[in-house]
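Trainee: Could you walk me through this one before I set anything up? I'd like to go piece by piece.
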Amino acid sequence: MKINISLKLIGFLLAISVIPLLLYQLISFSVTRSTVIELASHHNMNLLTEQAAHLSQHLEQIEDLIHNIESVDEIKKMLALADKSSQRDNAFESLSTQARIGYILSGYSSLKGLASIDLFTRHGQHYHVGDTLNLSAIDHTLRERLLRDTENADNAIRWHGIENNVNTSSSTRQVIVATKLLQQLDSSGQKTANLAMLQVNFDPRFLYKHLREMEMGEGAVLLVVDAKRRLLFHPDEALLGQAIDPTLRGLLQGRQGSQTIKMDEQPTQLNYHKLAGRDWYVVSLVPQATLLTPVSRIAQAGVAILLASLLLIALLIRLYTIRVIRPLRAISDGFRDFQADRLPSQWRLAKIRTLDEINQLTEWFNAFLDRAQERQRAEADLRIAAIAFEVQEGMVITDRHQLIVRVNQAFCDITGYRSEEVVGQPIRLLQSGRHSAEFYRAMWEELSRNHTWQGELWSRRKNGEIYPEWLTITTVFDEREQVTHYIGTMSDITLRKHAEEEIQRLAYYDPLTRLPNRRMLLDNLQHAMAGATRSGLSGALLFIDMDNFKDLNDTQGHDKGDQMLQQVAQRLRNNTRDSDIVARLGGDEFVVLLEGLSADPETAAGYCKTVAEKLLAALQENYMLGKHTHHSSCSIGVALFHGHDGNIEDMLKQADLAMYQAKASGRNTVCFFDQAMQQAVDERAMLESSLRHAIHQQQLSLYYQPQVNAQGKVLGAEALLRWQHPEKGPISPGLFIPLAEKSTLIIQLGNWVLETACRQLVSWSHVPESASLTLAVNVSARQFHQPDFVQQVLDIVEQTGADPRRLKLELTESMLLNHVQQTILKMMALKAHGISFSLDDFGTGYSSLAYLKRLPLDQLKIDQSFVRDLQQAGHDTDIVRTILALAQTLALDVIAEGVETDAQQATLARLGCHYYQGYLFGRPLPIEQFNQALSQQCAQTPMA
């Protein structure tokens, strides 16, 4: 009987295993084969996409380089000059142009992998940066072909693909070539003529370096082809530049593709991807045999494992059937009697001496019988618990992995989810996103420590609504003290939160305008004054009262007054910073609290003045009150504070008094509590306004102070700005120039001074005695650092017709502290047109000598503070001697300013300084008096 059962089991197992095994072999290999090919094709396509993006990035860098060079107007101007110089056969100008263009191009030659940059002009000039160039080694035939193709590109960048290097002496024999025509522009920006062909040669070995490092498998090939379907990349470098197979050429269509083709009589997987914006393709060819090698090995291993497993199972069934069948039959009979309710209540299986697993099964069966009666009692308990579960509060039960296993109806009502939608989902489904990971980490740590947690948090309903809830979590353990479940009880506290917020709003906010009320303003003012004490910064209170507001209430009614107050509140919010506090004290009184103002009282007052005037203008605009239009104005009082220099109520009183002063001054105005500061602010604003008018009303003029040599001969002059106010008389430059430098007026002033000085140079050039004079013009830091400063200067020189070699720009050392490289580039650009530079007030700043030697300066100007005390004991003589030695080392001229006595001149001459400026030789004079004094000197000292 036992033998028959064993044989039946073995036969049945083999019968049901052999057929599936054969089907497995046929189906799985076919499915796996197509799947592997599809996955490999998808993988290769991803690789091609990445490589195409990588190549496109390199090509875009080259195109950016070409566009950057094309945008340099100086190159185009130099090329135009080169054409003219070539026609005049001017060797010096040609060499100068060659050096200048080469210098500019060298600034763009840092791109990795760049072989060379070449410029071929229409008249045969060649400019080159990169490999050492042998002019006799240029392949002119190739150059002409590239030029023709470039001209056909319709002013776009032409990618020629891989070509022989036009410089046949270069170590890089083959290069990736991109060209672009540089065209001359007329004054209106229209392109008029082709100047040159810009050619960028890129080393393909660098461009495709990463492609050589890719492992594609045995027999696989990775290619890159250009628009002419020539090989730009191939593992065999001898094939570079050759055309691809015509069959393959016809398959490369569209943006990308994948298909199986025949190559060398073998199925091969073809994948290709087109580079964005170019007719180049990255192509991979992988034999399918290479792709399917792992599949064949897996299939063979699977068959071997399955056969071995079947044999082992057959042996085990044969060996253990006798020891397994009888105990299982006894257990089966016991279950049958139990189901038929024929089993005595105390009946249990006897202990069986057989396999441990069967013995355990009998013990489990006995335990099952023991717990059957307990289950009946538990079912009664569960019915009671189910009723308790459906309470008014939401309840959720999760397993120990925080996966939801059960929820009640109250949970569904609160969250909007149905039970079947959340069971099996993680509890984090309800997270709102408002709490950080640190919050949840602390919550679970407390739950692990105390086995319970309760608190307030934000959750998310099914419709996305965020709501507050009160949550209590309790941990459930089994008999081994292992966590099995978590029970959460939740209550929606939205209404309670709304009630708390309403209480908060009523306590701290005005119900009409929803602005902070007096209580909240006082709290913020206290914090602001404490913060000002710590930071050293200033703050201010702006007390605002609407003019004649009572008349509106009396004539139109309080409802119209309320509408106006709401609009006033909105305008105040719209015209202040987010960090400013806008509050309503009551009635038509408002307060604006400004924080974080400048520590300088005058600067802080100026800012408050600007804000107050902005609010005055905003509150003067018409108010739409229903169908009626109402006009009103306001009076503003300002009180500054610098910390706890007074109590809060005193600050409000000061601002209130200043507001009443504004009303007494005629309303619709601003008054400061500190009348002295009010006067200073008004004077400064009036002076700035007057300066704006002075530029247009010709109140400004230039005075000229002579600059002489050791013999007293006038070599030039410095232009000094003067302001003759029609009412106040002369205004000191020390007063109005710093004011202009704090605003954009200095740029307008600087351009006016520069243009006036250039026109004076033109006027001098018509008189022999003044034709050789130079004119020094001071340039402010703000003016110099304008992005278009160089072009502004060149435009003024060109418009006035001044000789740039007679113009000298004076810079200060403070201008060199920042943006040194940009400063040098601007100076070199202007110096290339003949303009010279003098470093003013030298020795009083903090300029680095390392930067000084790089600056294209022509002259150092010794500050008058060193000249003034030359006759007194001190270090001024040593400082001047050091400056002269430094200038001699750097091959710079030196001029001393502020020379007022013969003794000072004698000392300077003894130290080696031979150029002077100061009252000893002449005060700054208007141009008529300066020209008259110059004529008298020339008459007394005949010109050599």
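Mentor: Let's begin with strand 3 (residues 158-164), which is mostly covered, since five of its seven residues are buried; buried means under 20% relative accessible area with a 1.4 Å probe and protein chains only. Strands, like helices, are DSSP runs numbered from the N terminus, with E and at least two residues for a strand, and H or I and at least four residues for a helix.

Trainee: Is this experimental or predicted, and what are the ground rules?
Mentor: This is a predicted model, in which local features need pLDDT of at least 70 and side-chain atom pairs count only at pLDDT 80 or more, while totals for chains, interfaces and linings use all residues. Residues are numbered from 1 along each chain as its sequence is written, and side-chain values use heavy atoms, with hydrogens and water left out.

Trainee: Back to strand 3, then: how many bridges join it to strand 4?
Mentor: Six bridges join strand 3 to strand 4 (residues 174-185), and the two run antiparallel; two strands count as paired if DSSP finds at least two bridges between them. Within that pairing, glycine 161 stands opposite valine 177 in strand 4.

Trainee: Zooming out, how many helices and strands does the protein have?
Mentor: The protein has 29 helices and 31 strands, and of its 944 residues 44% are buried. Among contacts between residues at least 6 apart in sequence, 61% join residues at least 24 apart, where contact means heavy atoms within 4.5 Å.

Trainee: Why is strand 24 called largely enclosed?
Mentor: Nine of the twelve residues of strand 24 (residues 714-725) are buried, so the strand is largely enclosed by the rest of the structure.

Trainee: And which strands does strand 24 pair with in the antiparallel sense?
Mentor: Strand 23 (residues 700-709) pairs with strand 24 in the antiparallel sense over nine bridges, with valine 708 opposite valine 714, and strand 25 (residues 729-731) pairs with strand 24 in the antiparallel sense over three bridges. In that second pairing, histidine 725 has glycine 729 as its bridge partner.

Trainee: What about the turns?
Mentor: Strands 23 and 24 form a hairpin with four residues between them, and glycine 712 in that turn has a positive phi of about 85°. Strands 24 and 25 also form a hairpin, with three residues between them.

Trainee: Which way do strand 24 and strand 26 run, parallel or antiparallel?
Mentor: Strand 24 and strand 26 (residues 774-778) run parallel, joined by four bridges, and glycine 716 stands opposite threonine 774 there.

Trainee: Switching to sheets, what is the order of the open sheet that includes strand 12?
Mentor: That open sheet of five strands has the order 12-11-15-14-13, with antiparallel pairing. Strand 12 (404-407) and strand 13 (452-460) stand at the edges, each with a single partner strand, so one side of each is left without a neighbour in the sheet. The twist averages 25° from one strand to the next, with angles taken from 0 to 180 degrees between the N-to-C directions of axes, which are lines fitted to C-alpha atoms, for helices over the stretch in contact.

Trainee: What packs on that sheet?
Mentor: Helix 12 (residues 437-450) does, touching strand 13, strand 14 (466-477) and strand 15 (483-492), and its direction makes about 155° with that of strand 13.

Trainee: There is another sheet with strand 7 in it; which strands are at its edges?
Mentor: The edge strands are strand 7 (231-233) and strand 8 (256-263), each pairing on one side only, in an open sheet of five strands with the order 7-6-10-9-8 and antiparallel pairing. Here the twist averages 30° from one strand to the next. Inside this sheet, strand 6 (residues 221-225) and strand 10 (residues 281-287) pair over five bridges in the antiparallel sense, and valine 221 has leucine 285 as its bridge partner.

Trainee: Last topic: at what angle do helix 21 and helix 23 pack?
Mentor: Helix 21 (residues 745-765) and helix 23 (residues 789-800) pack at an angle of about 35°, with their axes 9 Å apart. Residues of helix 21 including Leu754, Cys758 and Val762 meet residues of helix 23 including Val793, Ile796 and Val797.

Conventions
Buried means under 20% relative accessible area, exposed over 50%, partly exposed in between (1.4 Å probe, protein chains only).
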